[in-house]
Structures are given as structure tokens and as C-alpha cells.
Amino acid sequence: MAQYVYTMNRVGKIVPPKKEILKDISLSFFPGAKIGVLGLNGSGKSTLLKIMAGIDNEFNGDAKLADGIKVGYLAQEPQLNPEKDVRGNVEEGLQEAIDALAGLEKIYADYAEPDADFDALAKEQAKLEDIIQAKDAHNLETRLDIAANALRLPPWDADVGTLSGGEQRRVALARLLLSEPDMLLLDEPTNHLDAESVAWLEHFLEDFSGTVVAITHDRYFLDNAAGWILELDRGRGIPYEGNYSVWLEAKEKRLEQELPQGVEPKGHQGRIGVGQV
Amino acid sequence: MSNQKAIKAELEWVRSNPKGRQAKNKARLQRFDELNSQEFQSRNETNEIYIPPGARLGDKVIEVAGLRKTFGDRLLFDEVNFVVPKGSIVGIIGANGMGKSTLFRILMDLETPDGGNVVVGDTVELGYVDQSRDDLDGSKTVWEEVSDGLDIIRIGSYEVASRSYVGRFNFKGSDQQKFVKDLSGGERNRLHLAKLLKQGANVLLLDEPTNDLDVETLRALEEALLAFPGSALVISHDRWFLDRIATHILAYEDDGSVVFHEGNYTDYEVDRRQRQGADAAVPSRVKHRRLK
């Protein structure tokens with residue numbers, strides 16, 4: 001695996017008329033790092049995540065995703081597929097596994113054809129079986145049920161057009177988590193989740209082997225699951241190695257030294273995340 | 001700096017163990033007289049968020065017995081029993097749609113239960129902050145929305161400069177001139193609190209006040225509630241917030257029962273896992289009980 005899953009070099013973002021919401025951010029993200037993003041309203045947190053998700057391409061500087069890294073992004077107002085019900089939307093997260101299962105069924109049927117090319121079919125079968133193995137496709141039903149319960153999804157056959165904003169977010173989150181990307185970018189994942197579901201999500205992300213960058217105000221999540229805090233302050237990104245408690249200690253010290261009014265924190269270059277290299 | 005004071009208080013909490021945390025929350029009930037003292041209140045008036053106290057609260061606060069509510073052919077809740085002690089802060093948790101807001105509406109007499117009793121003490125002045133922040137007027141400034149343009153406003157039994165009152169909800173200087181339509185979710189939330197707490201209450205019903213707040217404001221709200229010389233019932237999904245403030249938890253559990261527990265959220269969770277065993281680790285989809 002690459003040394004970094006994602007690198008940003010002097011990334012800045014200016015919105016009209018002339019507001020600089022991100023300034024000169026240089027950060028490298030290790031695989032497997034769990035990063036909580038903190039900052040006041042309007043400090044550019046969502047913009048940073050949109051840039052990382054490849055949705056916002058209008059920025060200064062360079063940002064690069066490592067080759068072969070699959071990114072999953074939860075927006076504040078995620079879009080669902082209105083053509084499908086709740087189950088159909090969540091299943092999109094498992095599309096590769098579902099396609100492989102269907103493909104395998106077809107191959108079994110094709111073997112029975114009089115002019116079947118057994119070698120070609122066996123080759124294709126092995127390929128699909130690998131995917132099924134890797135994606136744990138035989139346990140799809142169980143995994144769907146676990147996600148639906150843990151995130152308290154509406155009934156499977158519910159029309160997504162009738163769901164509340166909170167329900168739509170929960171469906172989108174389930175779809176995203178099941179898709180198992182290499183890097184999860186989460187914009188306020190705990191909004192509209194109750195305490196039990198947040199606790200479940202916290203454990204899920206703790207166990208998740210990929211990289212997580214989450215904008216959240218949930219301090220237990222930041223304390224238990226995060227190994228790094230990235231604080232955005234007036235456009236600058238300041239990484240801290242440690243959880244919420246460590247960050248709070250550092251913050252207290254910083255306030256005690258009392259930066260004079262109007263002095264902005266310096267920009268930081270940083271490598272963020274403890275590597276699973 | 002008030003911000004620094006709040007950080008120190010949170011750090012002190014972080015460094016204490018679960019037992020110490022329990023004891024601290026419980027001590028609030030014994031220290032109720034101290035909370036009411038002029039001296040304590042004036043020391044806390046400079047906090048980032050300061051909830052104005054109402055009239056002195058008597059011993060009897062809220063007593064709920066055998067409460068039942070149905071919704072169409074669904075049973076929302078049944079056999080809800082709890083007594084809110086003077087000075088307590090009750091955290092209310094549970095999945096969405098189980099009737100947490102409905103309970104508040106019943107306590108406010110905005111909805112009628114299908115059974116059971118609610119007794120509210122004679123000295124109680126309820127302050128209800130609902131979830132809908134739609135009634136804020138986008139064309140007004142923050143200051144106008146709270147003060148109605150008056151320099152001096154009445155908070156319960158005393159008068160206060162309106163700009164100073166608005167400032168207590170962390171709207172400093174030019175922030176008070178911002179138009180309501182330009183506010184972020186967190187700012188709207190704070191404005192909503194400022195507007196509704198103006199009446200001066202001694203028992204607060206807060207419906208998801210923690211939504212959309214950043215950690216700085218959450219911390220300030222915790223300090224404000226801890227310094228408040230009354231009782232509060234607070235619907236929230238924020239476990240850290242609940243652990244810091246709650247003396248009791250009222251939990252809408254997955255099987256439809258409503259449990260009243262003395263202790264904070266973590267303490268409640270330990271108890272729930274003991275009662276429910278391994279199954280308790282994963283929440284389950286909400287299934288409403290049907291009425292026959």
C-alpha cells in the first residue's frame with residue numbers, strides 16, 4: 001500500500017467575494033489513520049472534505065489521492081436513488097458482491113448449455129468466487145440486517161421520497177459503510193443518530209481498517225475512536241496527535257499562553273495519522 | 001476568560017473516574033441551596049451561556065404516573081412512571097419516533113395523554129424549548145428577535161439590559177446585528193434558546209438543544225445547565241453531554257418500555273447491559289407495538 005492515501009500541498013480555497021476559507025494546508029494522510037476534524041461553524045470543515053472527496057475541484061494548490069484508493073463520502077445532505085426503495089439504496093453499497101452472486105448463478109446455468117466452453121466458464125467462475133470470498137457475499141443478508149438494525153433504518157420497502165431528512169441520512173450511511181471504501185470521509189455522521197446508534201458507529205469505525213476523516217462534535221467518538229484531531233482555525237489546519245482529551249489539554253495550554261488578540265495561528269505542515277504501513 | 005474556565009471544568013471532568021463523575025452529578029441535588037444563592041449566580045453570570053434563573057423551585061417538581069399515549073393504531077408508550085427531584089437534570093434518550101417530544105407536549109398541556117397522571121408542583125414555571133426553529137424571523141437581527149427592540153427586557157422577576165442578555169448566549173458585539181436568515185444551524189439553536197428562556201423558568205424542557213452545536217458551545221451549554229438553579233429535562237443524543245450533566249436518565253428502550261434510572265448515561269448503559277445481556281450491544285429497528 002502507498003505510504004500515504006492522500007496528500008495535500010498548500011491547498012487553499014477562496015470563495016467570492018474574497019473570503020479565504022482554507023489557507024495553505026499541507027497534510028499527508030497515513031493509511032488506517034482515524035482523524036476527527038474540529039472547528040467552529042464556518043471554519044471550512046465541509047469544504048476540506050469536499051475537496052478530499054474530489055467533489056470540489058476549484059481550489060489552489062495540489063491534492064492527490066493515491067492510486068487504487070477507493071473513497072467513500074457522506075455529505076451533510078446525501079442523495080438517494082429515488083427509483084429504488086430503502087433496501088435497493090442500501091444494496092447499492094454491496095453492488096459488486098450482488099453482481100458477482102448473480103454472475104455465478106448465470107455461469108452455473110451456462111454449464112448446462114450444449115455448447116458450453118468449460119474452460120472459459122471455469123475461469124470466470126474462479127474470478128467471481130474470489131470476489132464473493134473477498135466481499136463476504138454469502139453473508140449479505142446478515143450484513144444488511146446488522147446495518148439496518150444498528151442505524152435503525154426505516155422498513156426495507158419504504159419509498160425513500162417519503163423519508164425524513166434524518167432517515168435519508170441513515171440510509172445513505174448504511175449504504176456507504178457496507179461499500180467498505182479505503183478512506184471514509186464523513187461530514188457529521190452522528191447527526192440524526194440516537195445515542196445507541198452513535199455508540200455502535202463509534203465501535204464500527206474503531207474496528208474499520210481503512211482511513212477515517214470525520215467532522216463530528218461527538219466527543220466520545222473523538223475521544224475513543226480518533227487517534228488524531230485536525231483543528232481548523234481561521235482557514236489553517238492544525239493537526240494534533242491524540243484524542244479529544246489530549247487536544248483539550250493542548251488547547252488549555254495554548255489559551256494560558258494567551259496568543260495576543262488578532263494573532264493568527266501559524267500554518268502547519270504535517271503528516272497525519274499513525275501508519276499501518 | 002469564560003471559555004478558559006469552561007475548558008478547565010471539562011478537563012477536570014475528563015481526569016475524574018466514573019465514580020467521581022457520578023458523585024459530582026449527584027452532589028448537585030444536595031447543593032441545590034448553594035446554586036440558588038445570589039453569590040453563586042453572580043459568579044456564573046459571566047459564563048459564555050448563562051440561563052437566567054426563575055423563581056425559587058419548591059420540593060415538588062414533576063410526578064408522572066402510569067402515563068400512556070397512543071398514536072393512531074400504534075402504542076407510543078405505556079406505564080411511564082417517574083418523579084423529577086428538585087435540582088435534577090434528567091437526560092431523555094431513545095430512538096427517533098418513540099415519543100420523546102410527545103412527552104414534553106403532554107407536560108406542557110399541548111397534548112392529552114390516553115391514560116395516567118401528570119402532577120406539576122405549585123412553584124414550577126416550565127420553560128419549553130421545542131425543536132422547531134422555524135418560528136424565528138429571518139428578516140430581524142439577532143438582537144431584535146430576542147429583545148423586540150427594547151433596551152431593557154424582563155426576565156421572570158427582574159430586568160436586564162437586552163444586549164447583555166443576548167450576549168449571554170454567546171452573541172458578542174457585531175454578532176447581535178447579524179440577520180437571523182444568515183445564521184448557521186448552531187447559531188439558530190442558541191438564538192432559539194435565548195428567545196425562549198427569556199420568560200425566566202425554573203424547570204426547563206429542552207428538546208434536542210445539542211443538535212448542530214460545536215464542541216465549544218456544547219461545553220458552554222453544559223456549564224450553563226450545571227449552574228442553573230432549577231431542574232431540567234433534556235432530550236439529547238450526545239452521550240458526553242449527558243454524562244456531564246445528567247443526574248437521571250429517562251430511556252425509551254427498544255422493546256417500547258420507558259425506564260427511569262438514577263445516574264448518568266454511562267451508568268445507565270452499564271445497567272441496561274446487565275439487564276439485557278449481550279443483545280444490548282446492537283440497537284434494533286424501531287417496531288411500534290400495535291394496538292389490538
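Strands here are DSSP runs of E with at least two residues, numbered from the N terminus, and helices are runs of H or I with at least four. Two strands count as paired if DSSP finds at least two bridges between them. The model is predicted, so local features need pLDDT of at least 70 and side-chain atom pairs count only at pLDDT 80 or more, while totals for chains, interfaces and linings use all residues. Residues are numbered from 1 along each chain as its sequence is written, chains are lettered from A and ligands numbered from 1 in the order in which they are written, and side-chain values use heavy atoms, with hydrogens and water left out.

**Stop one: a strand in chain B**

Select residues 89-93 of chain B, which make up strand S3. Five of its five residues are buried, meaning under 20% relative accessible area (exposed is over 50%, partly exposed in between; 1.4 Å probe, protein chains only). In a regular strand the side chains alternate between the two faces of the sheet. Here Ile89(B), Gly91(B) and Ile93(B) point one way, and Val90(B) and Ile92(B) the other.

Now add residues 231-235 of chain B, strand S9, which runs parallel to S3(B) and is joined to it by four bridges. Then add strand S10, residues 248-252 of chain B, also paired with S3(B) in the parallel sense over four bridges. Centre on Ile92(B): its bridge partner in S9(B) is Ile235(B), and in S10(B) it stands opposite Leu250(B).

**Stop two: rings**

Next, show the aromatic side chains. Rings of Phe, Tyr and Trp (its six-membered ring) pair if their centres lie within 6.5 Å; planes under 30 degrees apart are stacked, over 60 edge-to-face and the rest tilted. The count over all chains is 13 aromatic pairs. Phe204(A) and Phe208(A) are a stacked pair because their centres are 6.4 Å apart and their planes at 20 degrees. Phe204(A) is partly exposed at 26%, whereas Phe208(A) is buried at 11%.

For a cluster with members from both chains, select Tyr220(A), Tyr244(A), Trp247(A), Trp13(B) and Trp240(B).

**Stop three: charges over rings**

A charge sits over a ring if NZ of Lys or CZ of Arg is within 6 Å of the ring centre and within 35 degrees of the ring normal. Look at Arg87(A) over the face of Trp156(A), at 5.5 Å from the ring centre. In chain B, Arg190(B) lies over Phe171(B) at 4.8 Å.

**Last stop: a serine**

Finish at Ser197(A) in helix H7, residues 195-207 of chain A. How accessible is Ser197(A)? Its relative accessibility is 0%, so Ser197(A) counts as buried.
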